[in-house]
Structure formats: C-alpha cells, structure tokens
Amino acid sequence: MTRTFDQDGPVERPTLTDIARRVFKGVIDPVAGFLNRLGIPPNTVTLVGLVGHILAAYYAAQGKMTAAGLFILFLGPVDALDGTMARLRGEPTKWGGFVDSVVDRYSELFIFGGMMYYFLTEQNWFGVVMAYLAASGSIMVSYVRARSQGVGVDIKKGWFSRLERYVVLVPSLVFNLPLYGVAIIAFGAQLTALQRIFVMRRAVHKE
C-alpha cells in the first residue's frame with residue numbers, strides 16, 4: 001500500500017494540483033465528456049498536448065517567447081482533460097497513466113530545450129545553465145516521487161511541482177521575461193527534488 005508523506009509525516013492534505021482540479025471540475029468534466037462522445041481516445045488528447053509543447057518550444061528557440069507562452073497557456077487544460085476523459089469512461093488504465101506521465105516529462109524537456117537553444121544563440125551562458133538546471137530539476141522532482149512510489153511511499157508535496165513550475169513559466173514567457181522565469185524554476189525545482197529526498201529519508205527512518 002502506498003502512503004502519502006510530506007515534511008511532517010503521513011498526510012491527506014490536497015496539493016495545488018488537487019485544488020485546481022476541484023475548482024475547474026465544472027468546466028473540465030463537460031469538455032471531457034464532449035470529447036468522449038466524439039470518440040476521441042484520451043491518449044490522443046495527451047499526444048495533442050505534446051505536439052503543442054513542441055511548437056511552443058520551437059517558438060521559444062526562435063526567441064518568440066510570448067507566442068510560446070500563449071501556446072502553453074491554451075494547452076494547460078489538456079493536461080487535465082486526458083485523465084478526466086479516462087475517468088468518465090470508467091477505464092483509467094496503468095498504460096494511460098504511464099503515457100501521461102512520460103509525455104509530461106517530454107513536454108517540459110522540449111520547452112526548456114528550446115529556451116536553452118535560444119540562450120545559446122544569444123551567448124547568454126547564465127541562461128543556458130539556468131535552463132539546464134530547470135530541466136534537470138523538473139525531471140528529478142518527478143523521478144524522486146516515482147522511486148519513492150516504488151517502495152510504497154507517495155511523496156506528492158513540494159514547493160515546485162509541475163503546476164507551480166507552469167505558474168511561473170507561462171507569465172515569464174508571455175511577458176517576455178524568460179530568464180527570470182527559468183532561473184526561478186531552476187532553483188525551485190532543484191530545491192523541491194532535495195526536499196522530497198529528505199522527506200523520503202524521514203519516512204523510511206520512521207518505519
């Protein structure tokens with residue numbers, strides 16, 4: 001059985017993602033139901049989101065940060081739609097959850113990769129390092145949780161989970177302040193990965 005932990009031990013407190021899903025449930029559920037009635041598979045919606053992120057990454061690489069940010073902003077609901085579609089169908093599967101998680105990681109890597117390319121062309125080495133740290137930190141936040149789940153502990157808490165990263169990323173792109181956004185995410189994601197490692201250590205040592 002998997003237990004959920006934060007800094008203080010086992011918890012059931014909702015994350016920001018949980019809160020957002022509850023707040024927007026009245027909008028997301030009808031849209032997901034409509035897509036189900038059209039016969040569109042949830043994994044197709046997941047892949048549409050990936051394609052959109054690739055396009056956003058292309059614009060970021062060209063220095064068109066506002067366009068990249070708007071792409072991601074309008075694609076935001078897609079992240080919630082695929083899982084909701086599967087739930088409404090009564091057929092959430094391990095494969096669907098796996099695909100969704102993997103695509104989320106690729107989506108972020110494409111975005112930060114596009115930004116890294118842009119900073120390289122501008123010879124902005126600080127930006128290059130920040131984009132690398134943001135990308136690696138984002139992956140490590142998810143990886144630490146995945147490894148903890150493998151031993152029966154689900155560590156959902158953290159200062160910079162995926163939704164928090166996007167809350168910082170999107171405005172920084174839309175208002176053409178990419179360096180500020182990527183630097184905040186770089187430090188926040190790396191600290192969150194370390195935070196989850198320490199939470200995991202405390203959890204296993206309490207057993």
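User: In this predicted model, which residue just after H4 takes a positive phi, and of about what value?
Analyst: The model is a predicted one, and helix H4 covers residues 65-89. Just after H4 comes Gly 90, whose phi is positive, at about 75°.

User: Where in H4 does a kink lie, and of about how many degrees?
Analyst: Helix H4 has 25 residues and spans 37 Å from its first C-alpha to its last, which is close to the 36 Å expected at 1.5 Å a residue. A kink is nevertheless present shortly before the proline Pro 77. Leu 75 is among the buried residues of H4, and a second, separate core of 9 residues includes Leu 75 along with Ala 32, Leu 35 and Val 45. The kink lies at Leu 75 and amounts to about 35°.

User: Which residues of the largest nonpolar core touch the most other members?
Analyst: This core holds 25 residues, and the elements giving it two or more residues are helices H3, H4, H5, H6, H7 and H8. Phe 112, leaving aside residues up to four places away in sequence, touches Ala 131, Ala 134, Ala 135, Ser 138, Leu 169, Val 182 and Ile 185. The members that touch the most others are Ile 72, Phe 112, Met 115, Leu 169 and Val 182.

User: Which residue forms a salt bridge with Arg 105, and how many Å apart are the closest N and O atoms?
Analyst: Side chains of opposite charge can pair when their charged atoms come close. The partner of Arg 105 is 3 residues apart from it in helix H5, so that Arg 105 and Glu 108 are separated by about one helical turn. Arg 105 is buried at a relative accessible area of 16%, and Glu 108 is likewise buried, at 3%. The salt bridge is formed with Glu 108, the closest N and O atoms being 3.8 Å apart.

User: Which residue in helix H7 is paired with Glu 108, 57 residues apart?
Analyst: Glu 108 also takes part in a salt bridge whose closest N and O atoms are 2.8 Å apart. This pair links distant parts of the chain, with Glu 108 in helix H5 and its partner in helix H7. The partner counts as buried, because the relative accessibility of Arg 165 is 1%. The residue paired with Glu 108 is Arg 165.

User: Is Arg 145, which meets Asp 154 in a salt bridge, buried or partly exposed?
Analyst: The side chains of Asp 154 and Arg 145 meet at 2.7 Å, N to O. Asp 154 is buried, with a relative accessible area of 10%. Arg 145 has a relative accessible area of 27%, and is therefore partly exposed.

Key: Residues are numbered from 1 along each chain as its sequence is written. This is a predicted model: local features need pLDDT of at least 70, side-chain atom pairs count only at pLDDT 80 or more; totals for chains, interfaces and linings use all residues. Side-chain values use heavy atoms; hydrogens and water are left out. Helices (H or I, at least four residues) and strands (E, at least two) are DSSP runs, numbered from the N terminus. The expected span of a helix is 1.5 Å times one less than its number of residues. The bend at a residue is the angle between axes fitted to the seven residues ending there and the seven starting there. Buried means under 20% relative accessible area, exposed over 50%, partly exposed in between (1.4 Å probe, protein chains only). A nonpolar core is a set of buried Ala, Val, Leu, Ile, Met, Phe, Trp, Tyr and Cys residues joined through side-chain atoms within 4.5 Å. Contact means heavy atoms within 4.5 Å. A salt bridge is a side-chain nitrogen of Lys or Arg within 4 Å of a carboxyl oxygen of Asp or Glu.
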